[in-house]
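Visitor: Could you give me a close look at a single part of this model, the closed sheet, and then show me how the rest is put together around it?

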Amino acid sequence: MARDIHGFHHTGILTRDLDGLEHRYTGFGFTLSPRSRHLLSVRPGEPPVPGCTANRCALFGGSYIELLGIVDASAPDPWHTKAMADQYEGFRLLNFDTDDAEAADRLLTGAGLRTSGVLGLEREVDTEDGLRTMRARAVHVNSTSTPEGHVGVAQHLTREYVHQPRYLDHPNGARGIAAVLMVAADDEADAIVDRYARILQARPERDGPRTVVDMGNGRLEIVRASDSEGVLPGEPAPASSYLAAMTVVVDDVDTARVIVERGGTATRTTGGGFFVSARDAYGAALFFTAR
């Protein structure tokens with residue numbers, strides 16, 4: 001079945017300390033794109049203006065991890081990033097990938113979700129051929145509809161300016177985001193599972209304590225809060241429902257682990273690789289697994 005949404009576009013870690021976040025993820029062995037300031041549309045159809053945020057990204061050719069920082073609190077904030085940080089910083093953003101932002105918007109509204117409509121995003125990026133403007137289109141779900149995180153759908157218009165080959169080679173061997181793990185409050189869990197089954201047009205399946213919605217190009221995993229200790233032992237819980245972890249696929253688990261530990265970060269062994277606590281990764285727990 002053709003799907004309007006077909007994988008992860010990017011995940012996002014939000015901070016007011018972008019310098020520190022960059023340093024930590026470089027220490028994990030990720031190659032990061034240069035820092036880039038966002039130009040954002042305030043309303044659908046309006047031209048983008050400089051916003052309060054900038055980012056650096058760990059790019060994998062398809063998906064990416066966005067390190068998102070508030071760098072100018074006095075600048076416009078059309079996407080309400082400062083309010084998001086006021087709640088808590090960390091793993092706050094989950095964007096799914098689409099080739100048709102309008103179709104995705106219709107899908108989301110048809111699932112009963114309030115959206116922003118289709119918004120434009122631009123930022124200047126350095127390429128090997130000089131400065132170019134990255135352009136994308138995004139649909140944001142109203143956060144009151146998704147208390148588990150700030151969710152959206154994004155469409156690349158200039159993918160080649162984002163996923164440049166020179167940024168895709170990571171010392172830790174990272175190749176992509178295989179899964180995102182969400183913790184759901186017990187009284188919200190059924191509704192959350194149903195929401196993403198409708199959004200992602202896929203049937204949820206049980207995998208131990210996890211409920212999995214498989215997109216083919218990635219898995220969304222949902223675990224009830226009452227079961228989360230078995231999956232994320234000792235991990236912080238910043239909200240009743242929240243984005244908790246992502247699974248990064250690497251070429252060689254042992255090589256990646258040496259790099260992470262050499263940078264001074266503790267790890268623990270998991271069935272398929274190793275784990276880094278959200279306490280050490282700016283609020284986003286990381287599972288590293290082999291390809």
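Guide: Happy to. One definition will help with the helices: an angle here runs from 0 to 180 degrees between N-to-C directions, along axes that are lines fitted to C-alpha atoms, for helices over the stretch in contact. Please keep in mind that this is a predicted model.

With that definition in hand, look at helix α3, residues 101-110, which lies across β6 (115-127), β7 (130-141) and β8 (150-156). Its direction makes about 145° with that of β6. The strands beneath α3 belong to a closed barrel of 8 strands, which runs β1-β4-β3-β2-β6-β7-β8-β5 with mixed pairing. Direction ignored, neighbouring strands of this barrel are turned by 35° against each other on average.

Let's stay with β8 for a moment. How many of the 7 residues of β8 are buried? The count is 7 of 7, and the strand is mostly covered. A general point helps in reading this: in a regular strand, side chains alternate between the two faces of the sheet. In β8 both faces are covered, with H150, G152, A154 and H156 buried on one side, and V151, V153 and Q155 buried on the other.

The pairing of β8 also shows what "mixed" looks like in practice. With β7, the strand pairs in the antiparallel sense over 5 bridges, and A136 has H156 of β8 as its bridge partner. With β5, β8 pairs in the parallel sense, over 5 bridges; here D97 has A154 of β8 as its bridge partner.

Now follow β5 onward. Strand β5 (residues 90-97) pairs with β1 (residues 8-15) in the antiparallel sense over 6 bridges, and T11 stands opposite L94 of β5. From β1 we reach another helix, α1 (residues 18-27), which lies across β1, β3 (49-59) and β4 (64-70) and runs at about 155° to β4. Buried in α1 are L18, G20, L21, E22 and Y25. The buried residues of α1 pack against β1, β3 and β4, and also against β16 (285-290). Just after the helix, G29 takes a positive phi of about 95°.

That contact with β16 leads over to the other sheet. Eight strands form this open sheet, in the order β10-β11-β12-β9-β13-β16-β15-β14, again with mixed pairing. At its edges stand β10 (205-207) and β14 (268-270); each has a single partner strand, so one side of each is left without a neighbour in the sheet. From one strand to the next, the twist averages 30°. The partner of β10 is β11 (residues 210-214), in an antiparallel pairing over 3 bridges, where E205 has V212 as its bridge partner. Helix α5 (residues 189-200) packs on this sheet, touching β9 (174-184), β11 and β12 (219-224), and its direction makes about 170° with that of β12.

One residue of β11 makes a good last stop: T211. Is T211 buried or exposed? Its relative accessibility is 11%, and the cut-off for buried is under 20%, so T211 counts as buried. The side chains of T211 and R206 are joined by a polar contact of 3.0 Å. Leaving aside neighbours within four places in sequence, T211 is in contact with V193, P204, E205, R206, L220, E221 and I222.

Key:
Residues are numbered from 1 along each chain as its sequence is written. This is a predicted model: local features need pLDDT of at least 70, side-chain atom pairs count only at pLDDT 80 or more; totals for chains, interfaces and linings use all residues. Side-chain values use heavy atoms; hydrogens and water are left out. Two strands pair if DSSP finds at least two bridges between them. Helices (H or I, at least four residues) and strands (E, at least two) are DSSP runs, numbered from the N terminus. Contact means heavy atoms within 4.5 Å. Buried means under 20% relative accessible area, exposed over 50%, partly exposed in between (1.4 Å probe, protein chains only). A polar contact is a pair of N or O atoms within 3.5 Å; within protein, one must be able to donate a hydrogen and the other to accept it, and residues adjacent in sequence count only if both atoms are side-chain atoms.
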